[in-house]
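User: I would like a close look at a single part of this model, taken slowly and with its surroundings in view.

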Amino acid sequence: MKITRVTATPIHVPLVPELTTKTAHGEHITSPYVIVEVETDTGLVGLGEATVAPRWSGETRTGCLAAIDELIAPSILGMDPRQIESVWQTIDGVIRFNPFTKAAVEMAIWDLAGKAENAPVYDLLGGKVRESAPIKMVVGAFPVEKAVGLAGRFLDWGVNTLKVKVGLDADTDLARFRAVRELAGPDVPIGFDANCGWDSDTAIEMMAALNEHDVLFAEQPIAAGDPQALAALRKKSDIPIMADESCFTVADAVQLVRHQAADILAVYPGKHGGLTEMRRISQVAREAGIVCAMGSNLELGIATAAMLHLAMADETIDSERYPADLIGPLYHQADLITQPLALGPEVATAPDGPGLGVELDREQLARYREETPPSIDAMPG
Ligand SMILES: [Mg+2]
């Protein structure tokens, strides 16, 4: 089995207007992403999706297309996609960084390897350790009234866990979290995500103030890049610390563990360059006795499917304790796949077909295909 062609198609899918979101990095209104198809001499085609976001990983859609066309595709033509590690090493060797671009091609390789074996990707990963994963919905960093409205909408739908975005203005952050807690009552676990938005002093004050309102986790309260500062903050609070922006690479995970800077590592294949590297990060967490939680930067159907397979097969991703962000398609006007994934309101399950178990919706691809990249970029979760 040989790779014969790699096609990268730029797309642009708006979020559902009432579900656009906002974080300390900015607003997420529309998603200019890239769909990848890897063809083989057997007729099997693997699917991937790059959820590129310039302010998140430094990747642009135009850069993603160029990296695939000029560097990644030529390097893997003729390779056997069943040799996943070898293909990954090749992809990783032709360009530095660019995790979301690499992940798109690498998830297509997993899709092909699964299709070649007639097995779902979760079986290639060692088989399911759970049949379903609890999910949570994300309330953007909006003014209190709008945030409460969103939380109410999610709770009415039947969601059991929420994440509230903070990290902008401390007083409004506190008011937003309090109001959502008041609406949800004491039985709904709620975490928060500051997306690097606070300095250490503000984070100490905010975590002390928020702790009265029963916080499930504190995600990325301060900037990335200083595990010692994160460790110092962790010592001052009982709230479990989740590292997201601080954890892109295996080396990042090792540093976080070495400094005892986090209780939870937020993981998803796009951020780490694919399933292979994400598994290595979860192994680091496992060896250190901490857990992972499935994060997101609001994927469409293909990338969410890759996350679902990992969520079911990796016991270190503790969705029972920290419900997963398996939610991207719920926020978008289209998912680009023919059959919607089983997402929520309480749990998500993985598709059971060979490979990633999803099929590209060519009608949607034609509708959302975009030749000229828009100026607005997507923002992460
Ligand atoms: Mg986050």
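Where is His332 found? Please describe its setting together with the sheet that its contacts lead to.

Analyst: In this predicted model, His332 is found in the loop that lies between helix H14 (328-331) and strand S14 (342-343). His332 has a relative accessible area of 5%, which is under the 20% limit, and therefore counts as buried. Its side chain makes a polar contact of 2.6 Å with the side chain of Ser31. Leaving aside neighbours within four places in sequence, His332 is also in contact with other residues, among them Val13, Pro14, Tyr33 and His28, as well as Leu298, Glu299 and Leu300.

Two strands now deserve attention. Strand S4 covers residues 30-40 and runs antiparallel to S1, to which it is joined by 11 bridges; within this pairing, His12 stands opposite Pro32 in S4. Both strands belong to an open sheet of 3 strands with the order S1-S4-S5 and antiparallel pairing. Strand S1 (3-14) and strand S5 (45-50) stand at the edges of this sheet, and because each has a single partner strand, one side of each is left without a neighbour in the sheet. On average, and with direction ignored, neighbouring strands here are turned by 20° against each other.

Two helices complete the picture around the sheet. Helix H4 (residues 99-117) lies across S1, S4 and S5, running at about 155° to S5, while helix H13 (residues 301-313) packs on the sheet by touching S4 and S5, with a direction that makes about 100° with that of S5.

How values were computed. Residues numbered from 1 in each chain as written. Predicted model: local features only at pLDDT ≥ 70, side-chain atom pairs only at ≥ 80, totals over all residues. Heavy atoms only, no water. Pairing = 2+ DSSP bridges. Helix = DSSP H or I, 4+ residues; strand = E, 2+ residues; numbered from the N terminus. Axes fitted to C-alpha atoms, helices over the stretch in contact; angles between N-to-C directions. Contact = heavy atoms within 4.5 Å. Buried < 20%, exposed > 50% of the residue type's maximum accessible area, 1.4 Å probe, protein only. Polar contact = N/O pair within 3.5 Å; in protein donor to acceptor, adjacent residues only side chain to side chain.
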